[in-house]
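Student: Please give me a close look at one part of this model: the salt bridges and where they sit. Then connect that part to the rest of the chain.

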Amino acid sequence: MLNLSPEGLLKSFKLRLTPCRQEVISLFIDVDYALSNSSLEEKVGKDYDRVTIYRTLRTFLDKGIIHKVLDDEGTPKYALCREACDTHDHNHDHIHFKCLECGETNCIESVIIPKLNLPDGYKYKEANVLLQGICKECNA
């Protein structure tokens, strides 16, 4: 399991500790749902321009700190990698769940996407499964 402090995460991935990186990674640590680039811009945009935020996300994605989450809006969202990932190997064969009430998209890591037997000549890289419904918070 990863050290889930901003300093610990950035240090373990050999990244410089900049104010923008600290603030963005803190947001990912503090929430349990995926964040879009625009939602990050709303939260930290007063301090950093959109290019800096985009580059920060790109660095985190390339290093394996966050992973991309696709949902029905067509805009990528990002969620913290809870397991150790790296540049070449993101281990995210879990489903994503989008709540139709609150709009949050969550990683459901306890439900694994099964391995698929593809026809000869096809090579599997990644799978994305999105379920939609009502989350446990909205369903309470």
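Tutor: Start with how elements are named. Helices are DSSP runs of H or I with at least four residues, strands are runs of E with at least two, and the numbering starts at the N terminus. Keep in mind that this is a predicted model.

Begin at the front of the chain. Leucine 4 is found in the segment before helix 1. Its relative accessibility is 32%, so leucine 4 counts as partly exposed. Partly exposed covers the range between buried, under 20%, and exposed, over 50%. Leucine 4 has a partner along the chain to note: phenylalanine 28 is 24 residues away in sequence, with 9.8 Å between the two C-alpha atoms.

Next comes lysine 14, in the loop between helix 1 (6–12) and helix 2 (19–30). Most residues other than glycine have a negative phi. Lysine 14 is not a glycine, yet its phi is positive, about 55°. At 74% relative accessibility, lysine 14 passes the 50% mark and so counts as exposed.

Now the salt bridges. Side chains of opposite charge can pair when their charged atoms come close. Searching the whole structure turns up 6 salt bridges. Take three of the pairs in turn.

One pair lies within a helix. Arginine 58 and aspartate 62 meet through their side chains, 3.2 Å from N to O. They are 4 residues apart in helix 4, so about one helical turn separates them. Look at the cover on each partner. Arginine 58 has a relative accessible area of 35%, so it is partly exposed. Aspartate 62 is also at 35% and counts as partly exposed.

Stay with helix 4 for a moment, and bring in its neighbour. Two packed helices are described by the angle between their axes and the distance between the axes. Helix 3 (residues 37–44) packs against helix 4 (residues 50–63) at about 125°, and their axes are 10 Å apart. The two helices are therefore oblique to each other. Their crossing is right-handed.

Helix 3 also offers a route to the next pairs. Serine 38 sits in helix 3. With 43% relative accessibility, serine 38 counts as partly exposed. In sequence, serine 38 and threonine 75 are 37 residues apart; in space, their C-alpha atoms are 9.5 Å apart.

Move on to the pair of lysine 77 and aspartate 71. Their side chains form a salt bridge of 3.1 Å, N to O. Lysine 77 shows 9% relative accessibility, under the 20% limit, so it counts as buried. Aspartate 71, at 9%, counts as buried too.

Then take aspartate 72 and lysine 98. Their salt bridge is 2.8 Å, N to O. This pair links distant parts of the chain, 26 residues apart: aspartate 72 is in the loop between strand 2 (66–69) and strand 3 (77–80), while lysine 98 is in strand 4 (residues 94–99). Lysine 98 has a relative accessible area of 7%, so it is buried. The pairing does not stop at two residues. Salt bridges with shared partners join Asp72, Glu73 and Lys98 into one network.

Leucine 70 belongs in this picture. It is placed in the loop between strand 2 and strand 3. Its relative accessibility is 40%, so leucine 70 counts as partly exposed. Leucine 70 and lysine 98 are 28 residues apart along the chain, and 10.0 Å separates their C-alpha atoms.

Finish further along, in the loop between strand 5 (105–112) and strand 6 (130–133). Isoleucine 113 has its place there. At 10% relative accessibility, isoleucine 113 counts as buried. Alanine 127 is 14 residues from isoleucine 113 in sequence, and the C-alpha atoms are 7.6 Å apart. Leucine 118 lies in the loop between strand 5 and strand 6 as well. Leucine 118 has a relative accessible area of 40%, so it is partly exposed. It joins Leu116, Tyr122 and Tyr124 in a nonpolar patch on the surface, and together these residues have about 450 Å² of accessible area.

How values were computed. Residues numbered from 1 in each chain as written. Predicted model: local features only at pLDDT ≥ 70, side-chain atom pairs only at ≥ 80, totals over all residues. Heavy atoms only, no water. Patch = residues over 30% accessible without salt bridge, like charges linked within 9 Å, V, L, I, M, F, W, Y side chains within 5 Å. Areas by Shrake-Rupley, 256 points an atom, 1.4 Å probe, with all protein chains shown as cover. Salt bridge = Lys/Arg side-chain N within 4 Å of Asp/Glu carboxyl O. Buried < 20%, exposed > 50% of the residue type's maximum accessible area, 1.4 Å probe, protein only. Axes fitted to C-alpha atoms, helices over the stretch in contact; angles between N-to-C directions. Parallel < 35°, antiparallel > 145°, perpendicular 65-115°, else oblique. Left-handed = near helix turned anticlockwise from the far one by under 90°.
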